[in-house]
Amino acid sequence: MMRKRQEIDRLARGGKFKYEYDSDEDIEGGTWEHKLRTAEMEATHLWANALTKQSEGKHHIGDFLPPEELKKFMEQYEAKKSNRQPDLSDYKEYKLKEDNIGFQMLQKLGWKEGQGLGQDGAGIVDPVNKYDIFKSFILLLAKLGTFRAPQRDGNQGLGVGSVAQPEDCDNEYDAYRKRMMLAYRFRPNPLNNPRRAYY
């Protein structure tokens, strides 16, 4: 009997109470477990607020993401959400106007804006993206042997999917997490330390 009393006293000192029967426990405002969890949640809330205050005015990893990369990522994310192909061409920013000589030459040959190239108009409608030209040029040099393409992790080929690329099933949180993973690549490296491409 004494041992049982000592165990109950020990639990009481730790803020826990052991009852002979569940019906004996006082549950006004919740059981001792609920009260303990509520106290933990309040402490976590206060700690999160304190951390937020401490980080005011400091940088965020997302601050390192260049605006053009953010724009490209958001276009891919919005395209996945609306089930369409992302428009990553830089044609919109550098669209040729009627005062351009090449534009005028094409018009003289019977071409109209928005129409595909070629005799039957089945060719490309938008100009080739500058990034596609650069990638094609690098591949051509690599084939000729005048340029050695950098080795990719795990012998992956060009066009392999990145974990920072948005997927069809991504929600807002996943998109935010992947944006931060993308920003991690652009973080500053003032000492020029060798770094792994983590993402």
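User: How many salt bridges does a search of the whole structure find?
Analyst: Five turn up. A salt bridge here is a side-chain nitrogen of Lys or Arg within 4 Å of a carboxyl oxygen of Asp or Glu. This is a predicted model, where local features need pLDDT of at least 70, side-chain atom pairs count only at pLDDT 80 or more, and totals for chains, interfaces and linings use all residues. Residues are numbered from 1 along each chain as its sequence is written, and side-chain values use heavy atoms, with hydrogens and water left out.

User: What does R37 pair with?
Analyst: E40. The closest N and O atoms are 3.6 Å apart.

User: Why are those two about one helical turn apart?
Analyst: Because R37 and E40 are three residues apart in helix α2, residues 32–54. Helices are DSSP runs of H or I with at least four residues, and strands are runs of E with at least two, numbered from the N terminus.

User: And how accessible is R37?
Analyst: R37 is partly exposed at 43% relative accessible area. E40 is also partly exposed, at 41%. Buried means under 20%, exposed over 50%, and partly exposed in between, using a 1.4 Å probe and protein chains only.

User: What about K80, where does its partner sit?
Analyst: K80 forms a salt bridge with D168, closest N and O atoms 4.0 Å apart. The pair links distant parts of the chain, 88 residues apart. K80 is in helix α3 (residues 67–81), while D168 is in the loop between α5 (130–144) and α6 (172–184).

User: Is D168 buried or exposed?
Analyst: Exposed, at 60% relative accessibility. K80 is partly exposed at 35%.

User: Which residue does D174 bridge to?
Analyst: R177, with the closest N and O atoms 3.7 Å apart. They are three residues apart in helix α6, so about one helical turn separates them. D174 is buried at 17%, and R177 is partly exposed at 33%.

User: Switching to rings. How many aromatic pairs?
Analyst: Zero. Pairing needs ring centres of Phe, Tyr or Trp (its six-membered ring) within 6.5 Å; planes under 30 degrees apart are stacked, over 60 edge-to-face, the rest tilted.

User: What sits over the ring of Y184?
Analyst: The charged end of R187, 3.8 Å from the ring centre. The test is NZ of Lys or CZ of Arg within 6 Å of the centre and within 35 degrees of the ring normal.

User: What's the overall secondary structure?
Analyst: Six helices and zero strands.

User: How much of the chain is buried?
Analyst: Buried residues are 15% of the 199.
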